[in-house]
Amino acid sequence: MSIPSASLTHPLLDGLNPQQREAVVHHGSPLLIVAGAGSGKTRVLTHRIAYLLAERDTRPQEILAITFTNKAAKEMRERVDRLIGPRSASMWVMTFHSACVRILRREASRLGFPSGFSIYDQADSQRLMAMVCREMDLDPKRYPPRSFSAQVSNFKNELIDYETAADRASTHMERTLAEAYRNYQQRLTEAGAMDFDDLIMLTVTLLQIFPDVAEHYRRRWRHVLVDEYQDTNHAQYTLIRELVGTPELRTADGDLVREGSAGIAPAELCVVGDADQSIYAFRGATIRNILEFERDYPNARTILLEQNYRSTQTILTAANAVISRNENRKPKNLWSDQGAGSKIVGYVADDEHDEAMFVAQEVDRLADEEGVTPGQVAVFYRTNAASRVFEETFIRTGLPYKVVGGVRFYERKEVRDLLAYLRVLANPGDVVSLRRILNVPKRGIGDRAEAMMEAFAARERVPFVEALRRADEAPGMATRSVNAIKEFVALLDDLVAKAGDTPPSILAQEVLVRTGYRAELENSEDPQDEGRLENLDELISVASEFEEASPEGTLVEFLEQVSLVADADQIPEADGGQGVVTLMTLHTAKGLEFPVVFLTAMEDGVFPHMRSMGEPKELEEERRLAYVGITRAERRLYLSRAAVRSSWGAPSFNPASRFVAEIPSELVDWRSDPRKNAWTAATARRDPSRTAPAKRAGGRQIPSLKPGDRVTHDQYGLGTVVSVDGDKAKIDFGSGGAKTLVLAYAPLEKL
DNA sequence: GACGTTACCGTTTTT
DNA sequence: CGGTAACGTC
């Protein structure tokens, strides 16, 4: 039992409120910290860890702290070190996925995997599922691989293996799915690969099947801390239970069973979360875990943090009003002592361009009148696609910005190709990667040869690589194909021989040269290939940085780090300078805070998203997303929407978001008549050219450009003119690279 | 087997 | 509208 908080004094408790102090010092039973937005939960977590180390005789290696993003983990570690000096090295502070990988690498052989197993992301696993479905001769219309892949992911989040899935299947569709699941899993195992969901599920399996492994980790970790507990799915929930070593476990049917924990007392569990910020149900997260914590851990203590240190009362009142519309929620009321602050500003734009322009102008105005820097401003939207208009407008107005997430670096084709090579070198059994690069760059191994190799491998019951090795034994193979395959295999063997003692960056260079990948891009006429080269060089420099950071690092470790990066990890750190406006989805925004926040496209159909509006449960999740968005703002909050929005093709006239209506109207200062959309919509119907600016026809003017001008290119998008040389201009397209273009022909437009 | 064309598909949110 | 997959042609 905790001591009454009033009597607590300790340097690590200075500046904490009574509830926070209690959370830091609590011991003796599982602890749930219900931390409202901005209530200082990271502070509490880091102080708790520091307190454990400083006052409770805990050694760093006895602590396991789990987060959802690498960024959160890194920040937590740094803050602990700042409190009590650099003692965090032997502490595990990492994401669910990283922690599981680390455990699995050590024990992989017990599950029949090589310790250098590949990690398949969602794209890889979809590819593999597509292969499986094709093999099963399934009509992709009736049995979409994408959907199968998603459903298998759901199974794994629920810890349902393919046998159980098959047992439970009652319809033809379900039986087919279970069959695909089985084949998919078999292929993964053969390839020595795990998908994202396996990382969790197989760790749970490992702990459940091998008592000695479970015991090892239970002995080690006397404290388990979990951040963002509301985002855990069933598999992660079970993992935590296994690691903590609870004396009791509930089966799927709700029966309590005794669990042998080898006489080790359960670890002390501390979870932090906020059910109102649960926004990942679509990937299996269940709010149940936080709502039922006290039932799962019978003598648990719950501490509520309701004082918000982030936002003005106006912003909090708005947030409370919105979230209170959700049913079945434990009441919670955030409050602030920072005063009312500015009113929320509402704006109804004519269309999405006008909306973006409003944001840009407002950022300028705030800079002039209130000294707000771009780095203090964030723009949120519901879907990644929405970033485009803002980018265009910000480039045109010269407002510095950065988009977080969206088309990710690691999803680019060339980057994935190079990574596939490295994966094959680390794990030659990795068929998905192997088949990806089999004919990349083109080396004369076509679909036909690949199919024959696959058939040959199946018939001979040998791995795919082995089939390649014996290509000449396969009947009916063209000599040309056989030779091409032989050459490819020889190249791989050569690279594999080097892989062991060559740093990843050097190896990557070597791959690019030896395969002719670099030469092909360098000699290419396609100007986009220049950007691709830059991306590859970028990947190589990521590898170099990795080598610098961990000189002992292996290829497998490098690939692992690269596989487990998240969007949120890429958020620019405040550098003390002016900074740049940050653009991101509402999901990525969770956990962050900004002095000024723009919530855009507040329209029914966009936010809440159309697909969620029919389902009350999903609508509630959208509302939590709105709550997350609103509570990111410290001082100023803007809500905007567009009367007309042209989303892929036709214009749509969306009504105001219901979430806007849920905010008490006296908190909002409308900069334009909220009814004007009716008028605009009518006008737009009468005169479509108003909303659809004349599209360039064939007769485009040759632009006269000077350095610094901003342009858009039909293919490369937005760019800045670097230099002009007669009829040619060199233009920097940012991530797409710099190109020299002939003005007379390039599909360019000056902005 | 490589390349070009067409059809079609889909957009929530992601470790 | 834009990207990808399947198809058909050289």
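Me: Which residue forms a salt bridge with Lys498?
Reply: This is a predicted model, in which local features need a pLDDT of at least 70 and side-chain atom pairs count only at pLDDT 80 or more, whereas totals for chains, interfaces and linings use all residues. A salt bridge is taken as a side-chain nitrogen of Lys or Arg within 4 Å of a carboxyl oxygen of Asp or Glu. The closest N and O atoms of the pair are 2.8 Å apart, and the partner of Lys498 is Glu510.

Me: How many residues apart in sequence are the parts that Lys498 and Glu510 tie together?
Reply: Residues are numbered from 1 along each chain as its sequence is written, chains are lettered from A and ligands numbered from 1 in the order in which they are written, and side-chain values use heavy atoms, with hydrogens and water left out. Helices (H or I, at least four residues) and strands (E, at least two) are DSSP runs numbered from the N terminus. Lys498 lies in helix H21 and Glu510 in helix H22 (residues 504–514), so the parts that the pair ties together are separated in sequence by 12 residues.

Me: What is the relative accessible area of Lys498?
Reply: Buried means under 20% relative accessible area and exposed over 50%, with partly exposed in between (1.4 Å probe, protein chains only). Glu510 counts as partly exposed at 22%. Lys498 is partly exposed because its relative accessible area is 30%.

Me: Which residues are joined into one network by salt bridges that share partners?
Reply: The structure holds 52 salt bridges. Where such bridges share partners, one network results, joining Lys41, Asp227, Glu228, Asp231 and Lys590.

Me: How many residues apart are Arg48 and Glu268?
Reply: Arg48 and Glu268 form a salt bridge whose closest N and O atoms are 3.0 Å apart. Arg48 sits in helix H2 (residues 41–55) and Glu268 in strand S9 (residues 268–273), and the pair links distant parts of the chain, with a separation of 220 residues.

Me: Is Arg435 buried or exposed?
Reply: The side chains of Arg435 and Glu454 meet in a salt bridge, with 3.1 Å from N to O. Arg435 belongs to helix H18 (residues 431–437) and Glu454 to helix H19, so the pair ties together parts 19 residues apart in sequence. Glu454 is partly exposed, with a relative accessible area of 24%. Arg435, because its relative accessibility is 10%, counts as buried.

Me: Which helix gives the largest share of the largest nonpolar core?
Reply: A nonpolar core is a set of buried Ala, Val, Leu, Ile, Met, Phe, Trp, Tyr and Cys residues joined through side-chain atoms within 4.5 Å. The largest one has 74 residues, of which Met453, Leu468, Phe488 and Phe558 touch the most other members. Its largest share, nine residues, comes from residues 479–499, which form helix H21.

Me: How many residues make up the other core, which includes Phe113 and Ile119?
Reply: Apart from the largest core lies another, with Ala108 and Ala235 also among its members. The size of this other core is 47 residues.

Me: How many residues of helix H11 are buried?
Reply: At the start of H11, a side-chain oxygen of Asn233 reaches to within 3.1 Å of the backbone nitrogen of Ala235. Just after the helix, Gly245 takes a positive phi of about 75 degrees. Helix H11 (residues 234–244) is largely enclosed by the rest of the structure, because of its 11 residues the number buried is 10.

Me: What share of the atoms of DNA strand B that come within 4 Å of the protein do sugar and phosphate account for?
Reply: The strand is surrounded by 28 residues, the closest being Phe68, Arg382, Asn384, Arg448 and Trp648, where near means that a heavy atom of the residue lies within 4 Å. Of the strand atoms that come within 4 Å of the protein, sugar and phosphate account for 54%.

Me: Which residue has a polar side-chain atom 3.0 Å from a phosphate oxygen of DNA strand B?
Reply: A base oxygen of the strand is 2.9 Å from an N or O atom in the side chain of His97. A polar side-chain atom of Arg283 lies 3.3 Å from a sugar or linking oxygen. The residue 3.0 Å from a phosphate oxygen is Arg146.

Methods
Polar contact = N/O pair within 3.5 Å; in protein donor to acceptor, adjacent residues only side chain to side chain.
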